[in-house]
Each structure stands twice: as structure tokens, then as C-alpha cells.
Amino acid sequence: MSKGNKFVMVGGGSTQSPGILEVLRQRAEELNLTELCLYDIDEHRVSLLGQYTKMYYGEKGSSIKVTYTTDMKEAFTGAHFLFMQIRPGLNKQRGIDEKICLSHGVVGQETCGLGGFSFALRVIPAVREIIKNVKEICPDAWILNYTNPEAILSEAIYNEFPDAKCLCICDMPISIEGAIAKYFDKELRNLTFKYFGLNHFGWWTAILDENGKDLLPVLREDVLSGKIDTLLMSNEDTVGDQYWVDTYKQMIKLFKRFPKYFPNCYLQYYLTADEMVAHDNLEFTRGDYVTNGREKRIYEECERVIANGTAVDSNLYGGVHGNYIVDIAHAIIHDTRERFTVNIVNNGSISNFDPKAVVELPAYVGASGAEPIVVGEIPTFHKGLMESQKAYEQLTVEAALTGSYQTALEAVMLNKTIPSLAVGKAVLDELYEANKEWWPELIEDYHRI
Ligand code: G6P
Ligand code: MN
């Protein structure tokens, strides 16, 4: 490889950028990374992170050329990789959605429940625009997408924008696998995990050690016997954050109740929705927490560094989130065909599930993309949960692309967190009012029939 690679961070002004920026700097050589552009529609934020990164990289001796811009054409020209994590409406809108849902007694989380529905209606039009531009400006570039709600967005990207050279990923499976590896005092790379499901909606069916021994029965026994009631986190971004402490406990509680397979923690929002709502604080939701915590911290640090004219006393931390996306870019560039859990079209991997549906599975990733493992048949309980959730996701995509109010309402009613038409319709209508700036216009198409 002679010529260097240009990477673009789409949503470069995001609070999720710093961790990725640090890993990109540390691992630039293996990515043949010579140019990095932060692109965002938010001029203020991208300029803060852009100036910060230029200083930080420069003072750490990096020779990567760093630029930042709000001009998509300028950003995408000559790009080889786009790391995408966007959030139309920012965490502020996340908080508004959470409060609308919680005030009706239903889950408002930004990927599960109607918080996810609302976020999807903000994100899908924006991503469609980005993909259209990638196709025109840098058609050979790979998009690695972290944007949420990944479950719904990946369904839209793979099935509605099939030209996109895009891989949709989530750091939750690898984070939980890291915690499991830690529990068994093993190196993560020495364990092989079997997993199936949808994004934020899946289960581990086996944890194989270097000798092929399945550790899942050991974990099950330790949970059932009461030896453990949580796992220590592997992802240092989340250590000490009470939300994640509670979430890991709830995940073990779910495993104890349904011990066949080990659950993704996000299943808490579906199987114990009432507990989650009771536990949430309507006055101070996760969106408020992130707005007042991570957001403040990051932009204030950028301002401080810019004012001082030096980043020598500033440190970025590159954790699981940054390493996972960089590992995948590395696998594509070097065609390593390593195994990663990604979102991918089922195409028969789960034999008793819709072949066209997007699912989350381990897959081998190389220069031509991802090839999933074969799962075979899944049990009726998991299949039933996944089928109604998938139908909800598919109708959400359809509502976002057609603007049909009827389809939106059908999607809402399929979401497991919604108990009745009265609640579903009230929440949908309030979310629509609060999201006029971002959602497509919804038309009451069947109303007059
Ligand atoms: C995990 C999930 C992401 C999600 C994030 C939320 O990493 O995989 O999908 O965005 O948690 O983090 P936050 O601190 O914003 O609540
Ligand atoms: Mn995720």
C-alpha cells in the first residue's frame, strides 16, 4: 500500500468522537491513515473538536493531516472510510422523547421503545442524504455505521439503500463479551462467542474457550446458584456509571429467569419494561445525564485546550468503542476475515427467520464485507420475540420513507413496550409534535377510507 487512506468522521463533532480519535491516532500506521476529516452539520461543535484534534495529534507527533468542515463535498472527496455516528436533534431531543414516553408510563430509551422509533424517524432521512452523497462523491468508500437506533437504521440501509457499501455495528456485544472474558479471567481473543438476534435484542448461545469447552453452562450455574449477581464491566467508558451498574445487574437477573441463553442487556427494556419505567426519573433522564455530563465535559475541555493553545495536559481515552470500529476497518483493509458480531441480512443463517430481515450475528469480515456464520433453527420463544420486533422495525422504516401515519401507528402498536392504542397513539402524536423539525411529514393516508 503506497497511497494513504483518508478517513472521515461523519458526526465528527459528536461526544462519541474522542475515543475513536484516540484509537485512530494510536493505530494510524496499521490503517495506513494519512488524512482525517471531521465532518458535521454543527459548525460550533466540529470546530471545537477539529481544533482540539489538530493540536492534540500535532503535539503527540502524529503526521496525520487533520481537517474539519461542514461541507459534505469537501469532506467526502477522496475518502476511503467513513465512520458514521450522527444524532439529529442531539441529546437534547433524546431527553424530550424520553420524557414524553415516560409521562405516559412507557419506555423512552433512545433505541428501544418509542424513543427509538422517534430517533429512527430523525435519522433515516439524514442517513439517506449522506448515502446519496457518498455514492456520488466517493462511491468506493466503506461506511462503518455506529449511528443509532442501529436495529432500525441497518434495516433501512441494507434493504432500502442496497447500493451502500456499509457495515452496521454496535459495541454492546463486544462490551458484554469483554465482561464475560474478564469473569473467566481469559483473553477476549481466545474465546469464541455464538450469538444471534437483532441489534440490542439478542442472545449468546455458547462461549467456547481455547479448547472448545463451552463456558456458558458454568456461567449459568454461577448465576443460578447465586454465586454472582452481576459482571464487572470491560468497557472503561461505562465503569462507575450507575446506569450501567444497574443495567449489568438487570442483565444477570434476566439470565437467571431465562437461563437457556445469555441475554443482551437491552432486553431489559422489553422483558422488564415496567421495572425500567419505575426506575427512570422523569425529571432527569439519560438524555439529561449525557447532556450535563459527557457533553459539558468534552466541549469544555476543547475550549480549555484551544484557549491555552496547547493540548499537552489533555488526554483522550481510546476504549472498546474506538477499538471495535478500528478493528473492523483493519479487517477490511487487510482482508483478515476475522470474526466480529455485526448487523447483516439474515439470508438463511437463522433458518427459521425471514431471509431478508437484518439480524445481528457473528460474521467473518474481510475486503469484500461480512459473511455471517450459520445459526440454524432458533427456539420459539426467541423467534416469536424477534418476529414481532422485526415487524415493528420494518414498519418504522416504511413509515420514515413513505410518511404514512397509518404505518407509523401500526409500527408503534407492534412495539412490545406499548400496552394499548390509547397510549400508543397519544405518545406517537406528542412525539410528532415535538419532532416537527426532523421527522418527515406524516400523512393520515387511510384515515378517510
Ligand atoms: C452502548 C450502545 C450504544 C449506545 C450507548 C449509549 O454503547 O451499544 O448503542 O449509544 O451505549 O451510551 P450513552 O452514554 O449515550 O447512554
Ligand atoms: Mn448499540
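In this predicted model, ligand 1 is surrounded by Arg94, Glu110, Asn148, Cys170, Asp171, Met172, His200, Trp244, Tyr266, Arg286, Val290 and Arg294. By residue class, this shell is made up of 5 nonpolar, 2 polar and 5 charged residues. The element that contributes most to the shell is helix α13, spanning residues 286-308, which supplies 3 residues.

Oxygen atoms of ligand 1 approach N or O atoms in several of the surrounding side chains. For Arg94 the separation between a ligand oxygen and a side-chain N or O atom is 2.7 Å, and for Arg286 the corresponding separation is 2.8 Å, while for the side chain of Tyr266 a distance of 3.4 Å is found. Of the 400 Å² that ligand 1 exposes when taken alone, the protein buries 87%.

A further element examined is helix α15, which covers residues 380-402 and comprises 23 residues. Because each residue is expected to add 1.5 Å along a helix, a span of 33 Å should result, and the end C-alpha atoms of α15, lying 32 Å apart, agree with that expectation. The buried residues of α15 include the charged residues Lys390 and Glu393, together with His382, Gln389 and Thr396. Also buried in this helix are Leu385, Met386, Tyr392, Leu395, Val397, Ala399 and Ala400. Immediately after α15, Gly403 adopts a positive phi of about 75°.

Notes: Residues numbered from 1 in each chain as written. Chains lettered and ligands numbered in written order. Predicted model: local features only at pLDDT ≥ 70, side-chain atom pairs only at ≥ 80, totals over all residues. Heavy atoms only, no water. Near = heavy atom within 4 Å. Polar contact = N/O pair within 3.5 Å; in protein donor to acceptor, adjacent residues only side chain to side chain. Areas by Shrake-Rupley, 256 points an atom, 1.4 Å probe, with all protein chains shown as cover. Helix = DSSP H or I, 4+ residues; strand = E, 2+ residues; numbered from the N terminus. Expected span 1.5 Å × (residues − 1). Buried < 20%, exposed > 50% of the residue type's maximum accessible area, 1.4 Å probe, protein only.
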